[in-house]
Amino acid sequence: MRQADLELLMEALKDPMRNFVRESRVRICLLVNGAGQVLSQHGFTRSYEVMNVASLAASAHASARALGEITGSGAWRHMHHAGKERQLFLAPFKTPVQELILVAIFDEDSSLGLVQLFFDRLAGEVVALPQFMTARASKDAASFEKDLESGLETIFSNEPGQGT
Amino acid sequence: MSDDIFQAALERLSRVPGVRGALIVDTDAGVPVASELAADVDGGALAALAASLFKRTDRAIGAAAFGKLATLQLEAEEGHVIAGDAGDLIIVAIAERQAQLGLVRLEVHRAAQALR
């Protein structure tokens, strides 16, 4: 995605993501595209953590999608891991430009049901953003690394510490 | 616990005059385990929000040293939501404003006992 489009989108995503964090009471969340480009984050303090989680989320999404295709079970809706203290929720949704993936980490202050509920609302709000009408996804492989870096730079240069 | 026990509890509760629907919710996950609801009721949202409210109220009750929350009753303009503790589960009933609340509460309590 072009840097100018990316910055517009990131700005537009702030409110929906802030609402999602407040309502669902997740501790940490990240919104990335299928290439692992970070569009929004909350709760991370180090860029390498964001980079790792973003690339793992994109990878998990690609693997789950391939698994769904191989097994004939179609597109997956979400993945959930319930740890002893923290739980992980990972879910994709389609926008007019590209597919995005939400990664959310929550504890006993939230629940899978709450995260699912407010994820659906977040997806609806994000899909309706007018910024998606003008933004264009990257088309060539050469731009992948540049996209990834520009996403991280924009996030951590605008708001060090707490994101969104 | 078998589906039959869940269904029996829900059917009994749904037969109470004025009850518009009922569901059994996994307290920690906030997701429905079984439900008997009208088509226009979003069971997922109801389960998530009821479980969240129940857990938070239970914490408040605990902080006030009143023990464990047994029943939560919400009164709204058009009706009531009544939730009862059933161990790892919560049983939730949606009742019309004119429903016999004593009877609804009694059935919620019985259903909760049956699910423990």
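Two strands are taken as paired if DSSP finds at least two bridges between them. With that in hand, open the model, which is a predicted one, and begin with chain B.

**Stop 1: the sheet of chain B**

Select the strands of chain B. Five of them make up an open sheet, ordered E2-E1-E5-E4-E3, with antiparallel pairing. At the edges are strand E2 (31–36) and E3 of chain B, each of which pairs on one side only. From one strand to the next, the twist averages 20°.

Now narrow the selection to strand E1 (residues 19–26) and strand E5 (residues 89–96) of chain B. These two pair in the antiparallel sense, over seven bridges. To find a point of reference in this pair, display Gly21(B), which stands opposite Ile94(B) in E5(B).

Move to strand E3 (residues 71–75) and strand E4 (residues 79–86) of chain B, an antiparallel pair joined over five bridges. E3(B) and E4(B) form a hairpin, and three residues lie between them. Which residue stands opposite Gln73(B)? Ile82(B) in E4(B) does.

**Stop 2: the helices on that sheet**

Add helix H2 (residues 43–63) of chain B. H2(B) lies across E1, E2, E3, E4 and E5 of chain B and runs at about 65° to E1(B). Then add H1(B), which lies across E1, E2 and E5 of chain B at about 150° to E1(B).

Keep H1 and bring in the helix it meets. The axes of helix H1 (residues 3–14) and helix H3 (residues 101–115) of chain B come within 9 Å, crossing at roughly 175°. H1(B) is therefore roughly antiparallel to H3(B). For the contact itself, show side chains on both helices: Ile5(B), Ala9(B), Arg12(B) and Leu13(B) in H1(B) meet Glu107(B), Val108(B), Ala111(B), Ala114(B) and Leu115(B) in H3(B). Coloured by class, the contact of H1(B) with H3(B) shows seven nonpolar residues, two charged ones and no polar ones.

Before leaving H1, pick Asp3(B), which lies in this helix of chain B. Is Asp3(B) buried or exposed? Asp3(B) has 9 other C-beta atoms within 10 Å, and a residue counts as exposed if that number is 12 or fewer, so Asp3(B) is exposed. A distance to draw from here runs to Asp88(B): C-alpha to C-alpha, Asp3(B) and Asp88(B) are 16 Å apart in space and 85 residues apart in sequence.

**Stop 3: the sheet of chain A**

Switch to chain A, where the secondary structure amounts to five helices and five strands. Followed along the sequence, the pattern of chain A reads α-β-β-α-β-β-β-α-α-α. Of its 164 residues, 38% count as buried. Among contacts in chain A with a separation of 6 or more, 64% come from residues 24 or more positions apart.

Select the strands. The five form an open sheet in the order E2-E1-E5-E4-E3 (chain A), and the pairing is antiparallel. Strand E2 (38–42) and strand E3 (79–82) of chain A are at the edges with a single partner strand each, so one side of each has no neighbour in the sheet. Direction ignored, neighbouring strands of this sheet are turned by 10° against each other on average.

Inside the sheet, select strand E1 (residues 28–33) and strand E5 (residues 99–106) of chain A, which pair in the antiparallel sense over six bridges. In this pair, Leu31(A) stands opposite Leu102(A) in E5(A). Next add helix H2 (residues 47–71) of chain A, which packs on the sheet and touches E1, E2, E3, strand E4 (87–94) and E5 of chain A. The direction of H2(A) makes about 60° with that of E1(A).

**Stop 4: where the two chains meet**

Show both chains together. Six residues of chain A are in contact with 10 residues of chain B. On the chain A side, three of the residues are nonpolar, three are polar and none is charged.

**Stop 5: confidence along chain A**

Finally, colour chain A by pLDDT. The mean for chain A is 83, and 78% of its residues reach 70 or more. Among the elements of chain A, helix H3 (residues 112–127) has the highest mean pLDDT, 95, and helix H5 (residues 143–158) the lowest, 61. Over residues 160–164 of chain A, pLDDT stays under 50, and the model has 15 contacts beyond four places in sequence for this stretch. Where pLDDT is low, predicted coordinates should not be read in detail.

Terms used
Residues numbered from 1 in each chain as written. Chains lettered and ligands numbered in written order. Predicted model: local features only at pLDDT ≥ 70, side-chain atom pairs only at ≥ 80, totals over all residues. Contact = placed C-beta atoms within 7 Å. Nonpolar A, V, L, I, M, F, W, Y, C, P; charged D, E, K, R; others polar. Helix = DSSP H or I, 4+ residues; strand = E, 2+ residues; numbered from the N terminus. Buried ≥ 20, exposed ≤ 12 C-beta atoms within 10 Å, placed from the backbone. Axes fitted to C-alpha atoms, helices over the stretch in contact; angles between N-to-C directions. Parallel < 35°, antiparallel > 145°, perpendicular 65-115°, else oblique. pLDDT = per-residue confidence, 0-100.
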